[in-house]
Amino acid sequence: MGEPLATLVGLGNPGPEYDDTRHNAGFWFLDRVAHGVGATWRHEGKLSASVCRAHVHGAELWLVKPSTFMNESGTTVGALCRYYRLAPTQVLVAHDELDLAPGVVRLKKGGGAGGHNGLTDIIAHLGADFWRLRIGIGRPPPRRDLVPYVLGRPSREEASAIETSLARGLEVLPLIVQGDTQRAMNLLHTTGGETADGA
């Protein structure tokens, strides 16, 4: 068993024009976590974020959505960890992942940013040794630019697949919160694997 989780961060861009875009998949996951436990978001100016303190699967967690743009996400995460004296290994960052197809979700700790501007900034502020919940959004067709793609809205089929991956992430969240990250990874990385409660 690893170190229990202390905070769950979702990455995205602020503003209603970005709500339904692929780059906001991390926000989507956080919103589902908060909704599931009846938590209410409030703006925290000193962290430049929407936050809530929530009882999630037996643990008190900070749920955090930076209100900066994606490429400044590390400002919020770094400030949070300094203020509450959290180790990077107590942080899980949920984010969109180009290298995974819609419907696929993976858990990992450490590593590079893979060109993701939000992760790049968090690594600059915190180092790389934090957990990542990688929510697949797939890559654009050849010769199509990345920026319009990640800032675009998924098709109906893609959105349905991403919804499935968010649900799978929620299923293993109890294990992640409790520090049983190895089992969570085993379940997520096995196609059609059991749910977190052993079903």
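## Exercises on a predicted model

The largest pocket of this predicted model holds about 380 Å³ of space.

**Exercise 1.** Describe the lining of the largest pocket, beginning with the residues closest to its centre.

*Solution.* Step one is to take the 18 lining residues and pick out those closest to the pocket centre, which are H23, G115, N117, V147 and V150. Step two is to assign the lining to elements: β5 (91-97) and α4 (146-150) are the ones that give two or more residues, and α4 gives the most, with 3 residues. Step three is to sort the lining by class, which yields 9 nonpolar, 7 polar and 2 charged residues.

**Exercise 2.** Characterise how helix α2 packs with helix α3, and list the residues that make the contact.

*Solution.* Begin with the geometry: α2 (residues 73-84) and α3 (residues 117-126) pack at an angle of about 35 degrees, their axes being 7 Å apart, and the crossing is right-handed. Next, identify the contact residues, which are S73, G74, T75, V77, G78 and C81 on α2, and G118, D121, I122, H125 and L126 on α3. Finally, divide this contact by class, which gives 4 nonpolar, 6 polar and 1 charged residues.

**Exercise 3.** Locate the partners of the salt bridge between R22 and E158 along the chain.

*Solution.* A search of the whole structure finds 7 salt bridges, one of which joins the side chains of R22 and E158 at 2.9 Å, N to O; this distance satisfies the criterion of within 4 Å. Placing the partners, R22 lies in the loop between β1 (7-10) and α1 (25-37), whereas E158 belongs to helix α5 (residues 156-178). The pair therefore links distant parts of the chain, 136 residues apart.

Definitions and conventions
Residues are numbered from 1 along each chain as its sequence is written. This is a predicted model: local features need pLDDT of at least 70, side-chain atom pairs count only at pLDDT 80 or more; totals for chains, interfaces and linings use all residues. Side-chain values use heavy atoms; hydrogens and water are left out. Axes are lines fitted to C-alpha atoms, for helices over the stretch in contact, and angles run from 0 to 180 degrees between N-to-C directions. Helices (H or I, at least four residues) and strands (E, at least two) are DSSP runs, numbered from the N terminus. A crossing is left-handed if the near helix is turned anticlockwise from the far one by less than a right angle, and right-handed if clockwise. Contact means heavy atoms within 4.5 Å. Ala, Val, Leu, Ile, Met, Phe, Trp, Tyr, Cys and Pro count as nonpolar, Asp, Glu, Lys and Arg as charged, and the others, Gly among them, as polar. On a 1 Å grid over the protein atoms alone, a cavity is a set of points where a 1.4 Å probe fits but cannot get out, and a pocket is an open set with protein on both sides within 12 Å along at least five of seven lines; lining residues have an atom within 4 Å of a point. Grid points are joined across faces, edges and corners, and a volume is the space filled by probe spheres set on the points.
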